[in-house]
Amino acid sequence: MKQKEAEHSLSASLIEASPDTYRTQNAVNGKESHSFWWDDPKFNFLVSHVNDAIVLLNREGFQIYVSPVIEKITGFHPNELKRHFAELIHPDDIQMVAETWERGFGNPDTPIVVEYRHMHKKGGFVWLEASGTNYFDNPGIQAAVVTVRD
């Protein structure tokens with residue numbers, strides 16, 4: 001049984017369900033599950049053991065996945081941050097971040113970097129650096145992939 005589980009984990013591939021939703025498909029037996037690929041235990045283990053937070057954003061700027069490390073940085077549980085990124089940015093930084101976001105939209109596969117103040121759950125703001133890449137046209141991702149550090 002463990003070998004079959006390993007084969008499933010190793011052979012799971014990403015397939016498009018809709019522009020904002022993904023599911024995994026087991027290449028061994030062709031069965032589909034309706035979970036998000038970022039819910040995979042191996043993926044979560046990896047992103048939980050790095051210093052930078054990983055955030056996936058859809059085309060509209062909503063954070064659709066936020067790695068657990070973000071709680072150490074901002075005090076927010078990842079589920080509390082599944083909203084539009086602009087809701088969490090210091091008012092004085094919103095225009096700069098929005099302009100950077102637009103620049104990234106026009107340059108797929110090209111990393112962009114921005115420093116800004118992000119709301120902290122206990123009040124106030126923390127300075128963060130975000131490095132992101134537009135992978136909206138990549139059928140296996142269809143998201144902006146952003147790493148965030150303090």
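Which residue in E7 is the bridge partner of Ala130? In this predicted model, that partner is Val148. Follow Val148 and Ala130 around and you run into the main core, a set of paired strands and an enclosed cavity, so to speak, on one tour.

**The core**
- The largest nonpolar core has 22 residues, and Leu57, Tyr116 and Val148 are the ones touching the most other members.
- Two or more residues each come from strands E3 (53–57), E5 (112–119), E6 (125–134) and E7 (144–149), and from helices H3 (70–74) and H4 (94–105).
- Leaving aside residues up to four places away in sequence, Val148 touches Asp52, Ala53, Val55, Ile73, Tyr116, Leu128, Glu129 and Ala130.
- There's also a second, separate core of six residues, with Val47, Ile54, Leu56 and Tyr65 among them.

**The strands**
- E5 and E6 run antiparallel, paired over eight bridges, and Tyr116 sits opposite Leu128 in E6.
- Five residues lie between the strands in the E5 and E6 hairpin, where Gly123 takes a positive phi near 110°.
- E6 also pairs with E7, again in the antiparallel sense, over six bridges.

**The cavity**
- Just one cavity of 30 Å³ or more turns up, and its volume is about 350 Å³.
- Its lining counts 26 residues, with Leu57, Phe85, Trp101, Ala130 and Val146 nearest the centre.
- E3, strand E4 (63–66), H4, E5, E6 and E7 each give two or more residues to that lining.
- By type, the lining splits into 18 nonpolar and eight polar residues, with no charged ones.

Terms used: Residues numbered from 1 in each chain as written. Predicted model: local features only at pLDDT ≥ 70, side-chain atom pairs only at ≥ 80, totals over all residues. Heavy atoms only, no water. Core = buried A, V, L, I, M, F, W, Y, C linked by side-chain atoms within 4.5 Å. Buried < 20%, exposed > 50% of the residue type's maximum accessible area, 1.4 Å probe, protein only. Helix = DSSP H or I, 4+ residues; strand = E, 2+ residues; numbered from the N terminus. Contact = heavy atoms within 4.5 Å. Pairing = 2+ DSSP bridges. 1 Å grid on protein atoms, 1.4 Å probe; cavity = no way out; pocket = protein on both sides within 12 Å on 5 of 7 lines; lining within 4 Å. Points joined across faces, edges and corners; volume = space filled by probe spheres on them. Nonpolar A, V, L, I, M, F, W, Y, C, P; charged D, E, K, R; others polar.
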